[in-house]
Amino acid sequence: MNSSQDTIFAQACENISDFQFDDRVAGVFNDMIKRSVPGYAQIISTLGDFADKCVSPNTRVYDLGCSLGAATLSVRRRLDGRDCRIIAVDNSQSMIERCQQNLNAYVSDTPVDLICGDIRDIEIENASMVILNFTMQFLAPNDRETLLNKIYRGLQPGGILVLSEKLTFEDAPVQALLDELHLDFKRANGYSELEISQKRSSLENVMKPDSLPQHERRLKAQGFSHFSVWFQCFNFASMVAIK
């Protein structure tokens, strides 16, 4: 899944528009997320491990907000022979087109239905695994509970939701420290202060992260009785909830 280097915010912009997953972002997304999200490669790899342990034969896996298909590919590598189907959804046509190219590069017995659409409109049925990999933070806050309720109802007993998100923290000194460590991570990966500042401004109106207690309360309110963080690096975490 090669992509060009992310230089989208390298030049000063007088008017910074809201961040969109358009063709420009899709073309550099692999580089962007590798340099922006600490632990992303570990999360992607471990999604395959979760699938190997938790996905039952003759069920479905949903990758909601699939972008270039990294999570789908990780899961699909571990499911051959189980007669499962993966439904991968993204609302960006540019992402879907590149995702299809990435899927075509690997032979597998596990079919993938690639859908360009709104994840809030997708029916969840006969699922043993649902993935929300840095997706829910881009939904309007009022839509998050509704989506999780739909996911819970569509999961088989024992099915899992793996939810990866940027976090906010209720403790202000912790928030400040982890924010600064994340900024250092981006600086170490070659982003300039200008790029960091302009991207932050672009994301301000479209990405609204929650705190870990907010995630836990919301998941338990939908009926998930088992929940834990399985990975965290700075202000990025991945959680697992079991029905």
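Two strands count as paired if DSSP finds at least two bridges between them, and in this predicted model strands S7 and S8 pair in the antiparallel sense over 7 bridges.

**View 1. The hairpin of strands S7 and S8, with Phe 234 in its turn.** Strand S7 (226–233) and strand S8 form a hairpin with 2 residues between them, and one of the bridges that hold the strands side by side sets His 226 opposite its partner in S8, Ile 242. Phe 234 lies in the loop between S7 and S8, and its phi is near 55°, a positive value in a residue other than glycine. Most residues other than glycine have a negative phi. Is Phe 234 buried or partly exposed? With a relative accessible area of 26%, Phe 234 is partly exposed, since the buried class is reserved for values under 20%.

**View 2. Strand S8 and its residue Ile 242.** Strand S8 (residues 236–242) has 6 of its 7 residues buried, so S8 is largely enclosed by the rest of the structure. Ile 242, which has its place in this strand, is partly exposed, with a relative accessible area of 33%. Which residues does Ile 242 touch, leaving aside those up to four places away in sequence? The contacts are with Gly 158, Gly 159, Ile 160, Phe 224, Ser 225 and His 226. Two of these contacts also appear as partners in strand pairing, for Ile 160 stands opposite Ile 242, and His 226 is bridged to Ile 242 as well. The C-alpha atom of Ile 242 is separated by 9.3 Å from that of Met 129, although the two residues are 113 residues apart along the chain.

**View 3. Strand S5 and the strands that pair with it.** Strand S5 (residues 155–168) is mostly covered, with 10 of its 14 residues buried. Strand S4 (residues 127–133) runs parallel to S5 and is joined to it by 6 bridges, and Ala 127 has Leu 155 as its bridge partner in S5. Strand S8, by contrast, runs antiparallel to S5, the two being joined by 7 bridges, among them the one in which Leu 161 is partnered by Ala 241. Strand S6 (residues 210–211) also pairs with S5, here in the parallel sense and over 2 bridges, with Asp 210 of S6 as the bridge partner of Leu 167. For the reader who follows the side chains along these strands, it may help to recall that in a regular strand the side chains alternate between the two faces of the sheet.

**View 4. The crossover from S4 through helix H5 to S5, and Phe 134.** Strand S4, helix H5 (residues 141–154) and strand S5 make a right-handed β-α-β unit. Phe 134 has its place in the loop between S4 and H5, where its phi is near 55°, again a positive value in a residue other than glycine. Is Phe 134 buried or exposed? Phe 134 is buried, with a relative accessible area of 9%, a value that falls under the 20% limit for that class.

**View 5. The span that UniProt labels as a methyltransferase domain.** An unreviewed UniProt entry places the feature "domain: Methyltransferase" at residues 61–159. In the model this span is 33% helix and 27% strand, and its end C-alpha atoms lie 10 Å apart.

**View 6. Helix H1, its bend, and the elements that cover it.** Helix H1 (residues 23–36) bends by about 65° at Phe 29. At 1.5 Å a residue, the 14 residues of H1 should span 20 Å, and the separation of 19 Å between its end C-alpha atoms agrees with this. The helix is mostly covered, 10 of its 14 residues being buried, including Val 25, Phe 29, Met 32 and Ile 33. What covers the buried residues of H1 includes helix H2 (40–54), helix H4 (93–104), helix H6 (172–188), helix H7 (193–203) and strand S8.

**View 7. Helix H7 against H1 and H6.** Which residues of helix H7 are buried? They are Glu 195, Ile 196, Gln 198, Lys 199, Ser 202 and Leu 203, and what covers them includes helices H1 and H6. An α-helix has 3.6 residues a turn, so residues three or four places apart point the same way.

Terms used: Residues numbered from 1 in each chain as written. Predicted model: local features only at pLDDT ≥ 70, side-chain atom pairs only at ≥ 80, totals over all residues. Heavy atoms only, no water. Buried < 20%, exposed > 50% of the residue type's maximum accessible area, 1.4 Å probe, protein only. Helix = DSSP H or I, 4+ residues; strand = E, 2+ residues; numbered from the N terminus. Right-handed = clockwise from strand over helix to strand, strands pointing away. UniProt positions renumbered as here; feature names shortened; annotations may be inferred. Expected span 1.5 Å × (residues − 1). Bend = angle between axes of the 7 residues up to and from the residue. Contact = heavy atoms within 4.5 Å.
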